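Reader: Hello! Could you take a close look at one part of this model with me, and then connect that part to the rest of the chain?

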Amino acid sequence: LNFGSSGKDQLVKVFNGNDLEGWSEFPGLEPQPAGDELAEVQGWQAKDGVLRTAAGKGGKGELRTDERFLNYDLNLEYRFPQGQGDSGVGIFAGNPGDGYLEVQLHPGNSGDLYRIGEIEIRGNDGERLGFRASKFKESNERERAWNKMQIRVIDGAVEVLVNGLLQNRVMGGPKEP
């Protein structure tokens with residue numbers, strides 16, 4: 001994660017590769033099982049330097065960094081070894097239960113943006129974002145392989161690149177961490 005309001009880039013590792021230190025798990029905005037069932041469904045873990053969650057269990061939990069950020073470039077790699085799955089990266093995520101913008105990682109839809117809950121966002125055309133902002137062009141995502149995503153957030157504007165190709169852009173998001 002690179003960010004800096006002083007004009008100088010600063011590199012911050014938000015995942016140490018060993019455990020979930022600096023992260024908290026929440027049930028998300030949709031109804032979830034209670035108590036111990038939640039941990040079983042979500043199954044977030046750090047293993048072999050990778051954040052993982054169990055496939056096929058149907059959980060829709062959130063794993064959030066404990067630290068909040070304002071202007072940044074988030075660089076990550078992702079893959080779905082079985083070629084299918086559904087996940088995303090939430091940005092503008094304030095407190096648990098607040099709305100946020102999800103950058104989709106779903107194979108074939110990576111780079112699409114979804115408004116989850118109540119949050120004000122404007123699409124590339126300046127119009128208020130309904131539920132989804134589809135990516136601009138077909139993805140260059142590689143099935144079952146590691147793909148690179150860059151999410152740039154500057155003063156409430158967002159750009160999403162997949163494997164170096166600009167996929168989406170929105171503006172008018174929150175201007176606070």
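Author: Gladly; what follows starts with the basics, moves to one strand and its partners, and then goes outward.

This is a predicted model, in which local features need pLDDT of at least 70 and side-chain atom pairs count only at pLDDT 80 or more, while totals for chains, interfaces and linings use all residues. Residues are numbered from 1 along each chain as its sequence is written, and side-chain values use heavy atoms, with hydrogens and water left out.

First, the setting. The protein has 1 helix and 15 strands; helices (H or I, at least four residues) and strands (E, at least two) are DSSP runs, numbered from the N terminus. Of its 177 residues, 34% count as buried, where buried means under 20% relative accessible area, exposed over 50% and partly exposed in between (1.4 Å probe, protein chains only). The accessible surface comes to about 10300 Å², with 46% of that belonging to carbon and sulfur atoms; such areas come from the Shrake-Rupley method with a 1.4 Å probe, and for residues only the protein chains shown count as cover.

The part I would look at is strand 13 (147-154). Strand 13 runs antiparallel to strand 7 (residues 72-78), and 7 bridges join the two; for a pairing to count, DSSP must find at least two bridges between the strands. Strands of a sheet pair through backbone hydrogen bonds, either parallel or antiparallel. Here, Tyr-78 stands opposite Asn-147 in strand 13. Strand 13 also pairs with strand 14 (157-162), in the antiparallel sense over 6 bridges. Ile-151, for instance, has Val-160 in strand 14 as its bridge partner. Strand 13 and strand 14 form a hairpin with 2 residues between them, and Asp-155 in the turn has a positive phi of about 50 degrees.

Next, follow Glu-77 of strand 7. Glu-77 is partly exposed, at 48% relative accessibility. Although Glu-77 and Lys-148 are 71 residues apart in sequence, their C-alpha atoms are 4.5 Å apart in space. Leaving aside neighbours within four places in sequence, Glu-77 is in contact (heavy atoms within 4.5 Å) with Trp-146, Asn-147 and Lys-148. For the whole protein, among contacts between residues at least 6 apart in sequence, 54% join residues at least 24 apart.

Now for the packing around Met-149. With neighbours within four places set aside again, Met-149 is in contact with residues including Leu-74, Leu-76, Val-103, Leu-105, Gly-111, Val-160 and Val-162. Met-149 also belongs to the largest nonpolar core, which has 25 residues; those with the most contacts inside the core are Ile-91, Leu-101, Met-149, Ile-151 and Val-158. A nonpolar core here is a set of buried Ala, Val, Leu, Ile, Met, Phe, Trp, Tyr and Cys residues joined through side-chain atoms within 4.5 Å. The elements giving two or more residues to this core are strand 7, strand 8, strand 9, strand 13 and strand 14, and strand 7 gives the largest share, 4 residues. In soluble globular proteins, nonpolar side chains tend to be buried together.

Two of those elements lead into a sheet. An open sheet of 4 strands has the order 8-9-10-12, with antiparallel pairing. Strand 8 (88-91) and strand 12 stand at its edges with a single partner strand each, so one side of each is left without a neighbour in the sheet. Strand 8 is joined to strand 9 (residues 100-104) by 4 bridges, and Gly-90 has Glu-102 in strand 9 as its bridge partner.

Strand 10 (residues 113-116) of that sheet holds Tyr-114, which is buried at a relative accessible area of 10%. Which aromatic pairs are worth a look? There are 3 in total, under a rule by which rings of Phe, Tyr and Trp (its six-membered ring) pair if their centres lie within 6.5 Å, with planes under 30 degrees apart counted as stacked, over 60 as edge-to-face and the rest as tilted. One joins Phe-69 and Tyr-72, with centres 6.3 Å apart and planes at 65 degrees, so this pair is edge-to-face. Phe-69 is buried at 14% relative accessibility, and Tyr-72 is buried at 10%. Tyr-114 and Phe-131 make a tilted pair, 5.0 Å centre to centre and 55 degrees between the planes. That pair links distant parts of the chain, since Phe-131 sits in the loop between strand 11 (122-123) and strand 12 (132-133), 17 residues from Tyr-114.
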